[in-house]
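Please look through the sequence and the fold below before reading on. The paragraphs that follow start at the surface and then move inward.

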Amino acid sequence: MSVFIENVTENDYRRFRAMLKFFVDQAARNQKIVDGGGHMVYTTSHKRGSGEYKPGFYDHYHKNHPALKEDWYKFPNDLCYRIAFRGNWWMNTPGTTYINICRTWINIRPEFSDELAGKIIGFHSVYRADRDDDPVAGMPEEESYTIEDLELDADPNDEVTSKLRQMFNHQELMWKCYRRAREKESVAGGLTKFEWKVRQALLNDKNIVLHGAPGTGKTYMAFNIAANLIGVSREELNGSDRFGFVQFHPSYDYTDFVEGLRPYTISDAQDGDETGSGRADAGGAVGFRLVPGVFTAFIARAQEDDKSKPYVFVIDEINRGDIARIFGELFFAIDPGYRGIRGSVTTQYANMHDEDEYQKFYIPENVYIIGTMNDIDRSVDTFDFAMRRRFRFIEVGAKNTQEDILRGVGYSDANREEITERMDALNETITGVPGLGPEYVLGASYFTKAQDEDVQIDFERLWSDFLEPLLKEYLRGRDDAENVLDTLKDAYDSGRVADSSKDTVSGNI
């Protein structure tokens, strides 16, 4: 099998050979152990060159082995390996002594000699689909190699054999296939599994609200689901007649959303301008006409189209508007149980409709509404209870979208792992702060700015310019704000959860 793997150099093949030799030699040494046990693991976390182990299993060798001082386990294309040994009678089984690509079921499984315990005579490069909770389709078939094929005892500077090159390429191909599947985690149309569940909920219930902590990608998710339902790409979504979008705010009202009177200049109308500028000039006077709002215009398109085609309307920041003032009598029509003609209502300006003063408004069955809202938005009162009954509320937690958002930034696996650790530790600490809680955690969108202008990871800049200002706003007016902020910074810096409860003081929280 002659395969070109991008970014791989001759030195990478040599390092792969050195790793296999280390594994074979250590397996032979382990056979000499008569007591202990323990589980020995060489790990590949962001703590470069460190080994994670349990005491009692040839510690002096593992701690001091020179291989641990090098990045021999890290290879191009974000591929990194983890080596595991288990002592005593378990160690001659490939299920407990093995090499695997980190966080996957892509393994290098040894084949042991029947005559000489602890002696490895070959390897199997294999993806363990039987052990993966979510198997990846299309993986290359298992390949096997003998120790003689690989010539592991060759001089470190010698060229590697064609079989060893083939073995490493096989591992890289499986890794590429695995990453492609996991990065999209696609069920259909590029949606993540969580997005797919939300999509199904939308189809069942017609109206949903995505709510949760800030920065969890709720609006982005709404757009993804809308594009999937309509059958267009994200780039084509805004140009589709079957998609509508609006962002509510405190001054938004019924005339913007449903219909209302708008000024126009009579001279404009005579010249064929249906909307008019609304400004009087020397040649014309100002009049008023009934103009459909953004939602009514959207519904009109849905009523005229094939009822089998889904129409999706996204309302961003739905809780920031005065819901009763914006929807008015549409409270009834929007109910999933009253879609279609039987849910028709008479709007406030029905008597001004040119074609039929008794024309009624209804929402077709093929219209789906997605709202988004931040749970901690203090700029508005509680979401209207009458509307709450007509929507299904789905929480979007920081963990639901963390991996998808961070993968989209283009961080390396090592950087993404460290950012994830810091984010998780910070959020768990925030959750434990009295007066805050889970609704105040930070979504992954806040952690997409870790790269500076030179595309280097700058965690201090991320903290000072993006995270700290928001956290200070959370803590504004608290007597213990400085102490709590220090605790949150410690959690962010260390990647470990800090006890925030001890830093709070009685009084103003």
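A patch, as the word is used here, is made of residues with over 30% relative accessible area and no salt bridge, and nonpolar side chains are joined into one when they lie within 5 Å of each other. In this predicted model, Leu-261, Val-286, Phe-288 and Met-352 make a nonpolar surface patch of about 340 Å². One of these residues, Val-286, has its place in strand S12, which covers residues 286-292. Val-286 has a relative accessibility of 35% and therefore counts as partly exposed, since that class lies between the 20% under which a residue is buried and the 50% over which a residue is exposed.

The chain as a whole gives the setting for these details. Its 509 residues, of which 48% count as buried, include 17 helices and 15 strands. The accessible surface comes to about 24,900 Å², and carbon and sulfur atoms account for 47% of that area. Among contacts between residues at least 6 apart in sequence, 67% join residues that are at least 24 apart.

Helix H14, made of the twelve residues 398-409, offers a view of the interior, and from its first C-alpha to its last it reaches 16 Å, close to the 16 Å expected at 1.5 Å a residue. Its buried residues are Ala-398, Thr-401, Gln-402, Ile-405 and Leu-406. Seen down the axis of H14, these buried residues fall within an arc of 135°, so they line one face of the helix. The general rule behind such a pattern is that an α-helix has 3.6 residues a turn, so residues three or four places apart point the same way. The cover over the buried residues of H14 includes helix H6 (218-230) and helix H15 (413-431). After H14 comes Gly-410, whose phi is positive, near 100°.

Helix H15 can be followed through two of its residues. Asn-427, which lies in H15, is buried, with a relative accessible area of 7%. With its neighbours within four places in sequence left aside, Asn-427 is in contact with Ala-398, Val-441 and Leu-442, and Ala-398 is itself one of the buried residues of H14.

Asp-413, also found in H15, counts as buried at 6% relative accessibility. When residues up to four places away in sequence are not counted, Asp-413 touches Asp-78, Arg-103, Trp-175 and Arg-407. Asp-413 and Asn-77 are 336 residues apart in sequence, yet their C-alpha atoms are 9.1 Å apart in space.

Note on methods. Residues numbered from 1 in each chain as written. Predicted model: local features only at pLDDT ≥ 70, side-chain atom pairs only at ≥ 80, totals over all residues. Heavy atoms only, no water. Helix = DSSP H or I, 4+ residues; strand = E, 2+ residues; numbered from the N terminus. Buried < 20%, exposed > 50% of the residue type's maximum accessible area, 1.4 Å probe, protein only. Contact = heavy atoms within 4.5 Å. Areas by Shrake-Rupley, 256 points an atom, 1.4 Å probe, with all protein chains shown as cover. Expected span 1.5 Å × (residues − 1). Arc of directions from axis to C-beta. Patch = residues over 30% accessible without salt bridge, like charges linked within 9 Å, V, L, I, M, F, W, Y side chains within 5 Å. Salt bridge = Lys/Arg side-chain N within 4 Å of Asp/Glu carboxyl O.
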